[in-house]
Structure formats: structure tokens, C-alpha cells
Amino acid sequence: MSSVKPALIVRESEINGTGVFADIGFSAAQVVLAIDDSYVVDHEHPVPSGEEEHCDYLEVGKTVWMQAPERYINHSCEPNVFVRTSGGIRLVLALREIEAGEEITYDYCVNGHGDVVWTCNCGAARCRHAIHSDFFHLPLNLQKEYLPLLDEWFRKERRQEIENLKTGTV
Ligand SMILES: C[S@@+](CC[C@H](N)C(=O)[O-])C[C@H]1O[C@@H](n2cnc3c(N)ncnc32)[C@H](O)[C@@H]1O
Ligand SMILES: [Zn+2]
């Protein structure tokens, strides 16, 4: 009987708690994971107690309680994946070639909003240490670098600020 090797494994991370790791190699732009956004938080479907850190804050106030394994993806200031919606499904895509064994990380500030400041433990050479959740609080050079990674809903919601960034009127 043949079996398919799982692409990802969930285990303890040096960055924080539990993380997601590549169990196979991925090439740049390859789909690493399709995100399950089926649990939309509302009055009838509240966030389970203590699960706030496993929520994703999306367009027009939409909050999703993330499922496994994506709920365990940690942040890095030197990420190897990003998220892009395609055909209504949010896909985690490789930013570059990823080797088996590497932790899968994205930069939480890409498509990030809000006013939360937290301390990063990613260990990357260009770690920003004090992380403000909003994309437009990133250093300008990083905002420009990350522009192509922004998801469609974020581009729509923050159209004017993105335009200002492109035209240099910031
Ligand atoms: C979506 S969870 C990621 C999975 C988490 N490691 C766990 O064990 O449940 C997001 C939370 O993980 C932690 N986290 C993720 N990336 C981090 C980082 N680079 N530095 C410090 N904490 C991080 C923060 O507490 C954050 O609120
Ligand atoms: Zn960092």
C-alpha cells in the first residue's frame, strides 16, 4: 500500500510554543497549505475560551478562529511564506524555496491592522523586536518590500494609504 508523506508537521518551536514545520521541500510560489476559514466568529459561534491568539482578523471586522495546522504558524521578521486569497480560498504560498525541516513562518504585519504592540522572539537577523500589528507602522522600506504580498481584501480596505505609499506621499 502506498502512503503520501504529509507536507507539514506540528511540533514544539524555538520561536514560541507550537509551530508548523515543512516535512518536505517546497519551491518558491508553491502552495504550502490551504487555510480553513470556515469558523467565522459571531454571536452564535464565539471564540472558545483562551483561543483569542488563534484568531485571524480579516476584512470588514471578520474574525476567524483558525484551525490546525495554520493556527500554529508563528511570526518571523524573515518569513518564508505569505497568504494570498485565490478563488475565495486563502492560500499559504512559499516566498522562496523552503527545505524540509524549516519552520513555516509569515510576517503577521502583512495584512495586519489594529494597535497591538508585542515582543518578537523570531531570532532573525533583521528581527524588529517590538512589533506593532498594523502594516503601516512597519519601516517604510519594509512596507515597500511587502507591497506585492498584500492580499486583495487588505488592498481594498487600505487603498488610500497604499496609493500614498506608491506615490511617496507619506
Ligand atoms: C497563531 S499563534 C501561533 C502558535 C503558537 N506558537 C502556539 O503555540 O499556539 C500566535 C501567537 O504565537 C505567539 N508568537 C507567534 N510568533 C511569535 C514570535 N515571533 N515571537 C513571540 N511570540 C510569537 C504569540 O503569542 C502569538 O499571539
Ligand atoms: Zn522578529
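Biologist: In this predicted model, how many bridges join E3 to strand E8?

Modeller: Happy to start there. Strand E8 covers residues 89-94, and E3 runs antiparallel to it. One residue pair to look for is Leu33, which stands opposite Val92 in E8. The number of bridges joining E3 to E8 is three.

Biologist: Which strands stand at the edges of that sheet?

Modeller: The sheet is open and built of three strands in the order E3-E8-E7, with antiparallel pairing. Neighbouring strands are turned by 30° against each other on average, direction ignored. An edge strand has a single partner, so one side of it is left without a neighbour in the sheet. Those at the edges are strand E3 (31-34) and strand E7 (81-86).

Biologist: Which residue in the turn between E7 and E8 has a positive phi?

Modeller: E7 and E8 pair in the antiparallel sense over six bridges, and Ser86 stands opposite Ile89 in E8. The two strands form a hairpin with two residues between them. The turn residue with a positive phi, about 60°, is Gly87.

Biologist: Which element gives the largest share of the largest nonpolar core?

Modeller: In soluble globular proteins, nonpolar side chains tend to be buried together. This core has 18 residues, and those touching the most other members include Val32, Val81, Phe82 and Ile104. The elements that give two or more residues to the core are E2 and E7. The largest share, three residues, comes from E7.

Biologist: What is Ile104 in contact with, beyond its neighbours within four places in sequence?

Modeller: Ile104 is among the core residues that touch the most other members. Two of those core residues, Val32 and Val81, are also on its contact list. The full list is Leu8, Val20, Phe21, Ala22, Val32, Ile73, Asn80 and Val81.

Biologist: Turning to the ligand, which elements give two or more residues to the shell around ligand 1?

Modeller: There are 15 residues around ligand 1, and Asn16, Gly17, Thr18, Asn74 and His75 come nearest. By character, the shell divides into four nonpolar, nine polar and two charged residues. The elements giving two or more residues are strand E2 (18-22) and strand E6 (74-75).

Biologist: Is Trp153 buried, partly exposed or exposed?

Modeller: Trp153 lies in helix H2, residues 152-157. Leaving aside its neighbours within four places in sequence, Trp153 is in contact with Leu58, Glu59 and Thr85. A residue needs 20 or more other C-beta atoms within 10 Å to be buried, and 12 or fewer to be exposed. Trp153 has 15, so it counts as partly exposed.

Biologist: How far apart in space are Trp153 and Val20?

Modeller: Along the sequence, these two residues are 133 residues apart. Taken C-alpha to C-alpha, their separation in space is 25 Å.

Biologist: How many residues of helix H3 are buried?

Modeller: Helix H3 has nine residues, 159-167. Just after H3, Gly168 takes a positive phi of about 80°. The helix lies largely in the open, because its number of buried residues is zero.

Biologist: Is Asn111 buried or exposed?

Modeller: Asn111 lies in the loop between strand E9 (105-106) and strand E10 (117-119). Its phi is positive, about 70°, although Asn111 is not a glycine. With 27 other C-beta atoms within 10 Å, Asn111 is buried.

Biologist: And Val60, is that residue buried or exposed?

Modeller: Val60 sits in the loop between strand E4 (55-57) and E5. Its phi is near 35°, a positive value in a residue other than glycine. Since Val60 has 7 C-beta neighbours inside 10 Å, it counts as exposed.

Biologist: Which peptide bond is cis, with omega near 5°?

Modeller: Look in the loop between strand E5 (63-65) and E6, where Pro69 lies. The bond leads into this proline, and its omega is near 5°. The cis bond runs from Ala68 to Pro69.

Biologist: Last one: what distance separates the C-alpha atoms of Ala125 and Arg158?

Modeller: Ala125 is placed in the loop between E10 and strand E11 (130-132). With 7 other C-beta atoms within 10 Å, Ala125 is exposed. Ala125 and Arg158 are 33 residues apart along the chain, and their C-alpha atoms are separated by 29 Å.

Key: Residues are numbered from 1 along each chain as its sequence is written. Chains are lettered from A and ligands numbered from 1 in the order in which they are written. A residue is near a molecule or strand if its C-beta atom, placed from the backbone, lies within 6 Å of it. Helices (H or I, at least four residues) and strands (E, at least two) are DSSP runs, numbered from the N terminus. Ala, Val, Leu, Ile, Met, Phe, Trp, Tyr, Cys and Pro count as nonpolar, Asp, Glu, Lys and Arg as charged, and the others, Gly among them, as polar. Two residues are in contact if their C-beta atoms, placed from the backbone, lie within 7 Å. Two strands pair if DSSP finds at least two bridges between them. Axes are lines fitted to C-alpha atoms, for helices over the stretch in contact, and angles run from 0 to 180 degrees between N-to-C directions. A nonpolar core is a set of buried Ala, Val, Leu, Ile, Met, Phe, Trp, Tyr and Cys residues joined through C-beta atoms within 7 Å.
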